[in-house]
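Work through the exercises below with the sequence and the model open. Each task is followed by a solution in steps.

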Amino acid sequence: MAASYQKLLALKVPEKSVHYTAKDVQLYALSLGMGRDPIDSAELDFVYEKNLKVLPSLSMTLAHPGFWARDLDSGLDWVKILHAGQSMVMHQPLPSEANIVARSRIVDVIDKGEGRGALVYFERQLIDEDSGSLYCTMVQTVFCRGDGGMGGNPELKPVIHRIPERPADASLLRQTSPQMALLYRLNGDMNPLHADPEIARKAGFERPILQGLASFGVACESLIALCCDNDPTRLESMDCRFSAPVYPGETLRTDVWHEPDGTYFRVSVAEREVRAIDNGFMAVRAKINSAVI
């Protein structure tokens, strides 16, 4: 049965629970290349349990519902969908260990018209199973190339954060490793596109590509270094669009622009000057003064 606006809004996505530990926190950071200098305390704190810090983008890997567009009765032409954008709002920092339940739903659809595809907004909330506290709200933007004409919200328009037209205020280079996609798969994304050369070639790529959420994780880590004094609890939100694939081993450059309403960012592949992540925006919490008065 073909997809329809009302059917997608009514789609029941089963809850999923997971217990994660400090080991999962460390593996996630290592899979993004952190710990590249084992004596750099700024990175060591993300991969060593002594003073362990948790990257907010770990949220992307916790209690994931899987390939819901294919596995549930969505009606979507799942072969033709692309991960077009991602947002993340941290209501409170993730602990280094917790029991998590994820509740997911489709919140809205923008129909571009017959033959032009549709944008589907898939929300996932991470909730502490023991206390009921909300940690994170994520919205995945899925471009459904084969499902235009299904109907949607005529009042809804895509939010596009326009990067300022001036040189960046700060930049940070991160070299990805040739095996990064293979390491990132251990967080739960087992799509063979990121591991199998034959499948990658059939999909039109010269070799396996890096997961979009791995690039998102590298951006998150870079933004924390550039804008949060390496304090992950200060990152309040991130929102961006995925623009181009990245190959493991390439260098990612994160550029930031500080504006009164927040920080804008872009991630480019340095070797090819290709924008991998664009129209990025982040909000940062004020640094808490811990001095005793």
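The exercises go from the domains to the cores, then to the strands and single residues.

The model is predicted: local features need pLDDT of at least 70, side-chain atom pairs count only at pLDDT 80 or more, and totals for chains, interfaces and linings use all residues. Residues are numbered from 1 along each chain as its sequence is written, and side-chain values use heavy atoms, with hydrogens and water left out.

**Exercise 1. Describe how domain 1 and domain 2 meet.**

Step 1. Place the boundary. Domain 1 covers 1-158 and domain 2 covers 159-292; the bounds come from an automatic or database domain assignment.

Step 2. Locate the two parts. Their C-alpha centres are 15 Å apart. To the contact (heavy atoms within 4.5 Å), domain 1 contributes 30 residues and domain 2 contributes 28 residues.

Step 3. Take the area. The two domains bury about 2400 Å² between them, with 62% of it on carbon and sulfur atoms. Buried area here is the accessible area (1.4 Å probe) that two parts lose on being put together, summed over both.

Step 4. Find the main contributors in domain 1. Ser31, Leu32 and Gln86 lose the most area to domain 2, together 21% of what that side buries.

**Exercise 2. Identify which members of the largest nonpolar core touch the most others.**

Step 1. Fix the terms. A nonpolar core is a set of buried Ala, Val, Leu, Ile, Met, Phe, Trp, Tyr and Cys residues joined through side-chain atoms within 4.5 Å. Buried means under 20% relative accessible area, exposed over 50%, and partly exposed in between (1.4 Å probe, protein chains only).

Step 2. Read off the members. The largest core has 52 residues, and Met88, Met238 and Phe265 touch the most other members. Helix α7 (residues 212-227) gives the most, with nine residues. Helices (H or I, at least four residues) and strands (E, at least two) are DSSP runs, numbered from the N terminus.

Step 3. Check the domains. At least three residues of this core come from each of domain 1 and domain 2.

Step 4. Look around Met238. Leaving out residues up to four places away in sequence, Met238 touches ten residues' worth of neighbours listed as Gln86, Ser87, Met88, Phe216, Ala219, Cys220, Leu223, Phe265, Phe281 and Met282.Step 5. Note the other core. A second, separate core of 17 residues includes Ala3, Leu11, Trp68 and Val142.

**Exercise 3. Trace the pairing of strand β4 (residues 118-128).**

Step 1. Judge its cover. Ten of the eleven residues of β4 are buried.

Step 2. Pair β4 with β3 (residues 98-111). The two run antiparallel and are joined by eleven bridges; strands pair if DSSP finds at least two bridges between them. Ile106 stands opposite Phe122. Six residues separate β3 and β4 in their hairpin, and Gly113 in the turn has a positive phi of about 115 degrees.

Step 3. Pair β4 with β5 (residues 134-144). This antiparallel pairing has ten bridges, and Val120 stands opposite Val142. The hairpin has five residues between the strands, and Gly132 takes a positive phi near 85 degrees.

**Exercise 4. Asn230 and Asn279: is each buried or partly exposed?**

Step 1. Take the backbone. Phi of Asn230 is near 60 degrees, a positive value, and Asn279 has a positive phi of about 55 degrees. Most residues other than glycine have a negative phi.

Step 2. Place both. Asn230 is in the loop between α7 and β7 (235-242), whereas Asn279 lies in strand β10 (residues 274-284).

Step 3. Compare with the cut-offs. Asn230 is partly exposed because its relative accessible area is 23%. Asn279 is buried because its relative accessible area is 12%.
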